[in-house]
Amino acid sequence: MIDRRQLLRLSAVGSGLLVLPSALAFAQTGLTVEAVLYDPEAPVLGNPDGDVTVVEYFDYQCPYCKKGHPGVMEAVRKDGNVRLVKKDWPIFGDVSVRAARLVLAAGASGRYEQALESLMATEGKLADAQVDATLQGAGFTVARLEEAYRAHAGRIDRLLARNGGQADAFGFRGTPSFVVQTTLYPGVMGEADLTEAIAAARS
Amino acid sequence: MRLVPAVLIFLASLLPLQAAPLPADEAFALSASRDADGRLQLRWDIAEGYYLYREHFRVTGARTGEPVPFTATAGERKEDPTFGSVEVHYGEAVITLSETPAPPLEVSYQGCEEDGLCYRPETRRVDPETLTITAASGAGGAPSGWREGEAGSSASLTPSPAPASGDAGFVAALLAEGGQLWVIGSFLVFGILLAGTPCVFPMYPIVAAALGRQGERLTVSRGFSLSAVYVLFLALAFGLIGAVAGLTGENLQLVLQSSFMPGAVAAIFVVLALSMFGLFELRLPAAWTTSIAGATAARGGSYRGMAVLGFSSALIVGPCVTAPLAGALLYVAQTQDWRLGAAALFALGIGKGIPLVILSTFGSGILPKAGRWMETVSRLFGFAFLGSAIWLAAPLLPPGLDLALWSALLLGLASFALAASAAAGGMGFVIGRSLAASAGLYALILALGAASGGTDPLQPLAHVARAGDARGPDVAFGEIGGEAELQATLADGSAAGRSTLLYFTADWCVTCRTIERRVLPVEAVRTDLRPLRLLKVDLSEITPRKQALMEALGVVGPPTMVFLGPDLREVSGTRLVGTVSAESLSGSARRAGGA
């Protein structure tokens, strides 16, 4: 006869076959709140002193990142107390990497948001020529941005590597993926979703 | 009694939840084959609502890094306002290699979920000889060193293969021990053992009230047969729900237990209580009165009523997750053998009902039949119903409000007992006055508790006593919403070398409340839990990510406690499902902590 204690023991169904991924990889990442939310090299939009931080891993060629971007900005603007950290995670190849580098380089002269907004306003796939034309249209001189990138190449490339490392370590499958304080939201978030997630982070 | 609408609502709630993006291997399932000419073909079965970019296919020699030429089937043009258009594949994509290079090959591809996630490039290694496909390492634009962690984490979210028979499965173990009859017999016994747990309590007032309706015609044999019909149909519904749950993989218990469900059932209890107080016998619709009158005339009517009642009660009683229930559901899910699973759950339901049948049979003999007493008894049932309603609704109410409600209910009971005893003589007078006095006294204590911020109806003033006490903080669980956070929290330096208790709970979970009030505060338990990292997953609101975590861990519902070692492997033999005693929790915690 099986008594209750045995019953509880037996009910460890599947316990033997459970293998969650090894924690080893994560020990190397330094996936700390500090690194994810407060990377000193990552530009901050919204309210830099906000009480909630939203991190978005995105790519300038990801169509749904760009489609959802106005909603994200709107949620952040309406709230007024949110730090928004857009983290480039170029998964669409070299064009995306170059776009990310140039926009971050624009940050060196304090014009990060302007450069970002111009590229986020495009739709879908990009070629180098379109990236250049878009940035020029927003008042930038591409040659200057390239120069600024070269001056800060180590810093910018290390930031991109850290971003990708974090997205990997979180197990995100692609862009966009969000982190709101300590909660992860892979996939597209509309304005309402994000507002809700921010409220949840405060409660 | 119309619980039928509840059944409809229950069925409607089974509609699929909004899904999280699929793992890449489910969105884009890759397979390899050879065509008639012996050329290597790679084929992706693309899930609905997902697409692959034609231009992102790459095939390279894994050792040489040299590109391998191939032809791809034509895709569809997808309008892309800035770039003109891009070619994408919906449904399926096939590429054919024009030559077969030296193995192994690496193939990479990229796609998106329509209006959703754009996947990072995925790379798989293909062996052209054996046609096997494995996750490749060191691919894509990701920094080196990260790739393996990613491949590992996406693998863990894919459903685990069925366990080898033996000690892995609870039902499988019983089956191996003594065959199918042994499984069914054991579940019957488990049912009897579980009959005393709080989640079975709502059955008692339901049956008592239904029997009370019988009035003078209630005899021992009738009490037996009516309650037996009730239990039989309860068990039938139980088996049926279990089989469907196991087969579809949908977690019926969870879907069922939205905060709406206890609210609805509580409302039904209030209505029942009012009818017990004689408040609306006058106002019942004609159809109802006829059916009640019919039930008194024709014996068949009341049996049918009991059957419906039993079947619907499974919706209230069923949601309690217990070890045998979890075992049976997982067994069905893994083996698709719904017959044995359903039979086992049927036996479990019968077992849960046996004490009820015994009580009803003897109770029917003892219960007074006529006169004022019958009226008194049905009023008392009314109070029992109101009590059940408060008890069910408590988790939905602001903390402390249930104390006020209990207080009001007990005051009502006190004045009722006072009034009823005035007319009674002898023992009736003594019982009535004692009941009135004790109910009134406790109502007063509850009111004091509610007014001073107490939250536990069983210890309404405990917070006052505790105020001066220098006891440490309560056992505190960090909350997580999915696997990624589990790993993120664990990656935090302080977690190094520590085991984790992952506690699945929910507001509506009655057994969880018992655990939180009775088991967690025990000093020995607190001591044994101290070395562990305590995390909880609140299933009051189910998200796709929580569901994925439950699936990955084989968790059926709350309460379930899973102990993970520092390597995130579950410590074997420590899992606790359903009611937990302080000893078993301490035991598991010690084993996990020492692992």
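In which sense do S1(A) and strand S3 (residues 82-88) of chain A pair, and over how many bridges? The points below take up this question before turning to chain B.

1. In this predicted model, S1(A) and strand S3 of chain A pair in the antiparallel sense, and 2 bridges hold the pairing. One place to inspect this pairing is A:Gly46, which stands opposite A:Arg83 in S3(A).

2. The pairing belongs to an open sheet of 5 strands in chain A, whose order is S1-S3-S2-S5-S6 and whose pairing is mixed. Strand S1 (45-46) and strand S6 (183-186) of chain A stand at the edges with a single partner strand each, so one side of each has no neighbour in the sheet. As a general point, strands of a sheet pair through backbone hydrogen bonds, either parallel or antiparallel.

3. On the parallel side of the account, strand S2 (residues 52-58) of chain A is joined to S3(A) by 7 bridges, and within S3(A) the bridge partner of A:Glu56 is A:Lys86. The connection between these strands can be followed through helix H4 (residues 63-79) of chain A, since S2(A), this helix and S3(A) make a right-handed β-α-β unit. S3(A) itself is mostly covered, with 6 of its 7 residues buried.

4. Chain B contains 21 helices and 18 strands, and buried residues make up 42% of its 595 residues. If one takes the contacts in chain B between residues at least 6 apart in sequence, 73% of them join residues at least 24 apart.

5. Among the strands of chain B, S8 (residues 92-97) runs antiparallel to strand S2 (residues 40-46), to which 5 bridges join it; here B:Gln41 stands opposite B:Thr96 in S8(B). Strand S5 (residues 70-72) of chain B is also joined to S8(B), by 3 bridges and again in the antiparallel sense, with B:Phe70 opposite B:Leu97.

6. The largest nonpolar core has 117 residues, and those with the most contacts inside it are B:Leu234, B:Phe238, B:Phe269, B:Ala344, B:Phe385 and B:Ala389. Helix H6 (residues 220-248) of chain B gives the largest share of this core, 12 residues. Domain 2 (170-394) and domain 3 (478-594) of chain B both contribute residues to the core, so it lies between them. For a closer look at one member, B:Phe385 touches B:Pro205, B:Ala209, B:Phe269, B:Leu272, B:Ala273 and B:Met276, when residues up to four places away in sequence are not counted.

7. Apart from that core lies another, of 56 residues, and its members include A:Cys65 and A:Ala75 from chain A as well as B:Ala62 and B:Tyr119 from chain B.

8. The unreviewed UniProt entry carries the annotation "transmembrane region" for residues 181-211, 223-248, 260-280, 308-332, 338-359, 380-397, 403-423 and 435-454 of chain B. Two of these spans can be set beside the model: residues 338-359 of chain B are 100% helix and 0% strand, with end C-alpha atoms 32 Å apart, while residues 403-423 of chain B are likewise 100% helix and 0% strand, with end C-alpha atoms 31 Å apart.

How values were computed. Residues numbered from 1 in each chain as written. Chains lettered and ligands numbered in written order. Predicted model: local features only at pLDDT ≥ 70, side-chain atom pairs only at ≥ 80, totals over all residues. Helix = DSSP H or I, 4+ residues; strand = E, 2+ residues; numbered from the N terminus. Buried ≥ 20, exposed ≤ 12 C-beta atoms within 10 Å, placed from the backbone. Contact = placed C-beta atoms within 7 Å. Pairing = 2+ DSSP bridges. Right-handed = clockwise from strand over helix to strand, strands pointing away. Core = buried A, V, L, I, M, F, W, Y, C linked by C-beta atoms within 7 Å. Domains from an automatic or database assignment. UniProt positions renumbered as here; feature names shortened; annotations may be inferred.
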